[in-house]
4 protein chains.
Amino acid sequence: MAGNTFGQVFRVTTWGESHGTAVGATIDGCPPGLTLTAEMIQQDMDRRRPGTGGAASPRKEPDKVEILSGIYQDTTTGTPISLIIYNKDAHSKSYDHLREIFRPGHGDFTYLKKYGIRDHRGGGRASARETAARVAAGAVARRLLLCDNIKVVAMTVALGGIVAGQRNMAHIAENRLFCPDNEAAALMEERIRKVREQHDTLGGLVEIIAQGCPAGLGEPVFNKLDAELAGALMSIGAVKGVEIGSGFAAAAGTGSKNNDPILPTGFASNNSGGILAGISNGDDIVARVAVKPIPSIAGEQQTVNLANEPVTIKIGGRHDISAIPRIIPVCEAMVCLVLADHLLRQRAIQQVPKRS
Amino acid sequence: MAGNTFGQVFRVTTWGESHGTAVGATIDGCPPGLTLTAEMIQQDMDRRRPGTGGAASPRKEPDKVEILSGIYQDTTTGTPISLIIYNKDAHSKSYDHLREIFRPGHGDFTYLKKYGIRDHRGGGRASARETAARVAAGAVARRLLLCDNIKVVAMTVALGGIVAGQRNMAHIAENRLFCPDNEAAALMEERIRKVREQHDTLGGLVEIIAQGCPAGLGEPVFNKLDAELAGALMSIGAVKGVEIGSGFAAAAGTGSKNNDPILPTGFASNNSGGILAGISNGDDIVARVAVKPIPSIAGEQQTVNLANEPVTIKIGGRHDISAIPRIIPVCEAMVCLVLADHLLRQRAIQQVPKRS
Amino acid sequence: MAGNTFGQVFRVTTWGESHGTAVGATIDGCPPGLTLTAEMIQQDMDRRRPGTGGAASPRKEPDKVEILSGIYQDTTTGTPISLIIYNKDAHSKSYDHLREIFRPGHGDFTYLKKYGIRDHRGGGRASARETAARVAAGAVARRLLLCDNIKVVAMTVALGGIVAGQRNMAHIAENRLFCPDNEAAALMEERIRKVREQHDTLGGLVEIIAQGCPAGLGEPVFNKLDAELAGALMSIGAVKGVEIGSGFAAAAGTGSKNNDPILPTGFASNNSGGILAGISNGDDIVARVAVKPIPSIAGEQQTVNLANEPVTIKIGGRHDISAIPRIIPVCEAMVCLVLADHLLRQRAIQQVPKRS
Amino acid sequence: MAGNTFGQVFRVTTWGESHGTAVGATIDGCPPGLTLTAEMIQQDMDRRRPGTGGAASPRKEPDKVEILSGIYQDTTTGTPISLIIYNKDAHSKSYDHLREIFRPGHGDFTYLKKYGIRDHRGGGRASARETAARVAAGAVARRLLLCDNIKVVAMTVALGGIVAGQRNMAHIAENRLFCPDNEAAALMEERIRKVREQHDTLGGLVEIIAQGCPAGLGEPVFNKLDAELAGALMSIGAVKGVEIGSGFAAAAGTGSKNNDPILPTGFASNNSGGILAGISNGDDIVARVAVKPIPSIAGEQQTVNLANEPVTIKIGGRHDISAIPRIIPVCEAMVCLVLADHLLRQRAIQQVPKRS
């Protein structure tokens, strides 16, 4: 209801503010018998950490995850898994001057309108720091998917107008932007440098691919797999658009071109993005998201204060130039959460065995 | 869980197959005291009906909705509202030859993979006919929104590559494609005629605008208003992409351009699409969806049969050239359902009154 | 949220008022492949029908159930199953004099307080007629349970102070009160006749036993199997108490007596009622409910009208002397719904297979 | 789904094992603007703490609750409230001999059957320690209820066969058993002493009264207020029965006696326990639960080990003689959680204002 829980069977509830004591996640519905250690989760955490990647802010958080419950001898027991990540490097003071001002492009205005009160320090719950808990929970989902050989990988396919010209999976680990095209990545880094000097910020496109997903996942008609992916990805702060398979390009095409012919060996193309009528078809699942330029720009902006008087601000604090690349593991986490949930949901309603 | 229920407080469950007895919806959570008659719902039904609009199929369904419960003296009582629309013009015979074949771009393959059984007649539950129940339920949500002066309108902004050059709201009612640009609409109709001759089909773009929505709707972090809209719209069969406000265009821009300055009189622009940090900001809510060309093309296609042998098919039956314009009221319905649900959700967690 | 949906995986939504067009249920989450016909459901419907059983009212409803969706060739397809039962013998006129009066022991007062409006005819949604939809949905759940050889049977173990002295399962089908003690049943019938002459009504006790339930069902900590059974059974209008196994008797006993010793052959006793720590232990599940005397008595009662003026009423209409025996199939239905739901829920979170 | 979440709007998820790092609760859906400090919650925690009350175990837990999120300047912000209680005095060693043995009356057997793995130390998640998190969350619910002047109090009305002869609210705070009859309390203490010597344990009855609850709470038909209370209370480990108002006594009575006459000044009696047709009627809400003798008895018991061989055990560790009185604040917490949830739910579906 209040929006901090995700999933039906594999169910995650996150909590915590940017400048509070900690952020965390509780997973209810993880099957028992899964091997799980804090180190396994930490691997995903480390990819999201502030201070890694060329567009990153200088805030230094160790982002050390602890498992507080649900594990016995490095194995899940079927009881709730509580994960906690303490906040260490919060500089709340640097937000004092924002107590009275609404930052453009941020949730300051809407949080106050909705709740009548807001924790202005670092964006409170609206901060990207909240996604640390998503990544932690997503790492557990990823472990579950790996038991079924399902792999989820996200990559930067455009940044600041520079588009990746290829999908070379080997390149993803070779540059700081998780870009499947090392040459494009170099241009993107150049673009970031330039824009940083201009006190501005950049958006981009992230593509997420899930490989090895069996046919049959997704629950028509409202919880179709593409619908759930869209909702999950759009719930990430910086995301303003989601498309599946041929996506927006399909809108301008014809049926004869967009349909994927079916051969005895499988689908001849993948315009569907691996999803037909909301159900996975066994092909790669492909989603793409539009990431807006992060709104915390160093340049001067026009806004109002609590008294609705016009003021100008320059945003200090420690901020990234782009949500990319730190959003990459967050996108992966959300897709992992959706797939793990649907994998388990499908088990619940498997076909009744025939009885004589 | 199984996916046929939508919403948390204003909660709709739909049921029914294309060629079954009927389709229907049950609404649980509609507040009492709302004036409601079958005629009010019928207005929306009539806009979705087969046989209206230039791209429409010749299937003739009266789509007459009946209210079976939840109403006393034309007023909602707070108990479940059961809506039923009987199927009248189902020609199941014409689907007999599809019993053994998977149509490309359809759910035939995935439904069988998922359930191990499928009602092949007219697509069964995967048919666009299912959306009749959505429109009926959406019409009730619309009545609720109108009590708060919230209006939802969808329009065709591109079809077959032809893009509407303006947003003239008066035009929407003046052409069969609900296009806010009469000239573009004429070109679109022309395009449809041509493609029909080519035995092909077309996709397009639909924009949905909600006016009068108060600030404060949306539940961070997973049930953000944009996340819920994205999931709701992507759950419509033909939709392959969703964007909010500046959407995919934002990905290529900069923060200084994409941020909406705040003035004492309101937001200076609306790149946010009326949603900041997942919460409505009081501005118009603007979403856009990519509608794929409908997959039932008359031309020959390559596919396989149940024995996984290669076959070719030409799809008969009665089909539209484009999901547009019949998808227009469906898009409106989904947005109405999301907004009505969040309007009620917000009431539940309104601020605690200060006590001395 | 609004309360008309039951279950998590096997999910039922009911609708309909006593004197409306129909009552019905939609089941979402029934696995595909289950053999199901209207006749199978009708068997349970017929046991609940008005006019059967010694304590029954003279209202004659055929209670003919129709399946509107979710079935193909007498087999469930995994899509929603819509069930409808039309109301035929509603005499709304006889309720006209109750429009202005609150009947003691009924929901008249509370429905008006809650909703600000009420359908006074026959109790509207608060009528026992609502349970027809529960029995229909429960019959589908029962079919699912039978695939796993789980059987649910309810019986009258006390009525009007007369207590069944034995649990002879063969007797249950031999008397109109579903009593496992034919001699007690005869005394109960005698008691009913007497109380009918006194214009009064009677309560009693119903025991429900589920046989063949595997160990492992129930979801700690809030959705324990006993918690869900208690909630399900207490949701039946006339029920004012629920106990599991030794129940209230346990409160006065000692641990050494109440614990069930465990032998290599199984539990030596069943004070637990087949549930330990909220999870089924493989033994018979045993629940007992207290059924209050139905409040529609023919004798004079003191109450108030809408203007809060004191008035006296004698309730006309067609009413039973006791909710027993018609409540028997309703109790079975609710237990079937709980067990079917938990059977499927357990499948979703089954242990992860060990991988090398 | 997996059972560790309670409530719809005021939604609590608990986690943690008896001998793990900590137990905790996350509340999602608490309205903003509520004054809340850790000290306020601690008051309820202190009443549940081990080592208080005559029947208590010698385990000494400070049960210090911390608030990790959702609060800004001692006020709720509408974001999730994360509560944590670290385990300090866990003696896991003393459970080593139970690794291979199923304790009668405990969840050892069923947890292993369900999950295939169990944390045997101190009962893991099945331990009464889990209720610490319920009490913490319930304390927040209680704060919310107090804003509407709703008060919830539980009391011991029977223990070991000794029944409280009166309901003197002043007495509740005057004896360690929270008994509304000081004389009965003295006898109960005497009985506890005796049974402790006999290495046995005792059950009893707890009555919970909610005062000041407005008419209109409860969601027919499955989420009736009495159904939700029954489910909530039965979810407490030791509870084997729940009754509302006249409860089981009603089963033996007649309608003329059990109906509560309505006077212009209110209900003349309260056999309904404040709930009619599942909706609160404005009178005191009265529920009673049967608490079984705690199964950890010091005397010798017959059971089996993991190899299903017969063995005998005497249970060591540190255990109470009765779940009473420590269960008292737990019962209050569950009732507070139900009422807070329904208070908020009712706000969501309040009557639509009439428009001209």
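Copies of a chain are superposed here by least squares on the C-alpha atoms of residues with pLDDT of at least 70 in both. On that basis, in this predicted model, chain A is superposed on chain B with an RMSD of 0.0 Å by a rotation of 180° that carries 0.0 Å of shift along its axis. The C-alpha of chain A nearest that axis belongs to Gly231(A), which is 2.1 Å from it. The points below take up the relations between the chains, then the salt bridges, and then two buried residues, Leu276(D) and His171(C).

**Symmetry and shared surfaces**

- Because 100% of the interface residues of chain A are also interface residues in chain B, these copies meet through the same surface.
- Chain D can likewise be laid on chain B, with a turn of 180°, a shift of 0.0 Å along the axis and an RMSD of 0.0 Å, and this is the relation of a two-fold axis.
- For this pair, the residue of chain D that comes closest to the rotation axis is Ala348(D), whose C-alpha is at 2.2 Å, and 100% of the contact residues of chain D recur in chain B, the same surface serving both copies.

**Salt bridges**

- Over all chains, the count comes to 72 salt bridges, and one of them joins the side chains of Arg288(A) and Glu243(A), with an N to O distance of 2.6 Å.
- Because Arg288(A) lies in strand β16 (residues 285-291) of chain A and Glu243(A) in strand β11 (residues 239-244) of chain A, the pair ties together parts that are 45 residues apart in sequence.
- Arg288(A) counts as buried because its relative accessibility of 15% is under the 20% cut-off, and Glu243(A) is buried as well, with a relative accessible area of 9%.
- In chain C, the side chains of Asp63(C) and Arg129(C) meet in a salt bridge at 2.9 Å, N to O, and this pair links distant parts of the chain, 66 residues apart, with Asp63(C) in the loop between α1 (38-48) and β4 (65-67) and Arg129(C) in the loop between α2 (108-115) and α3 (131-147).
- Both Asp63(C) and Arg129(C) are buried.
- In chain D, Arg326(D) forms a salt bridge with Asp320(D), their closest N and O atoms being 3.3 Å apart, and both of these residues are buried.
- One network, joined by salt bridges that share partners, is made up of Asp44(A), Arg47(A), Arg142(A) and Glu332(A).

**Surroundings of Leu276(D)**

- Leu276(D) has its place in strand β14 (residues 275-276) of chain D, and at 4% relative accessibility this leucine counts as buried.
- Once neighbours within four places in sequence are left aside, Leu276(D) is in contact with Gly105(C), His106(C), Gly107(C) and Thr110(C) from chain C, and with Phe267(D) and Asn281(D) from chain D.
- The C-alpha atoms of Leu276(D) and Leu202(D) are separated by 34 Å, the two residues being 74 residues apart along the chain.

**Surroundings of His171(C)**

- His171(C) is placed in helix α4 (residues 169-172) of chain C and is buried, with a relative accessible area of 15%.
- A polar atom of the His171(C) side chain lies 2.8 Å from the backbone nitrogen of Asn182(C).
- Beyond the neighbours within four places in sequence, the contacts of His171(C) are with Gln166(C), Cys179(C), Pro180(C), Asp181(C) and Asn182(C).

Terms used:
Residues numbered from 1 in each chain as written. Chains lettered and ligands numbered in written order. Predicted model: local features only at pLDDT ≥ 70, side-chain atom pairs only at ≥ 80, totals over all residues. Heavy atoms only, no water. Contact = heavy atoms within 4.5 Å. Helix = DSSP H or I, 4+ residues; strand = E, 2+ residues; numbered from the N terminus. Buried < 20%, exposed > 50% of the residue type's maximum accessible area, 1.4 Å probe, protein only. Salt bridge = Lys/Arg side-chain N within 4 Å of Asp/Glu carboxyl O. Polar contact = N/O pair within 3.5 Å; in protein donor to acceptor, adjacent residues only side chain to side chain.
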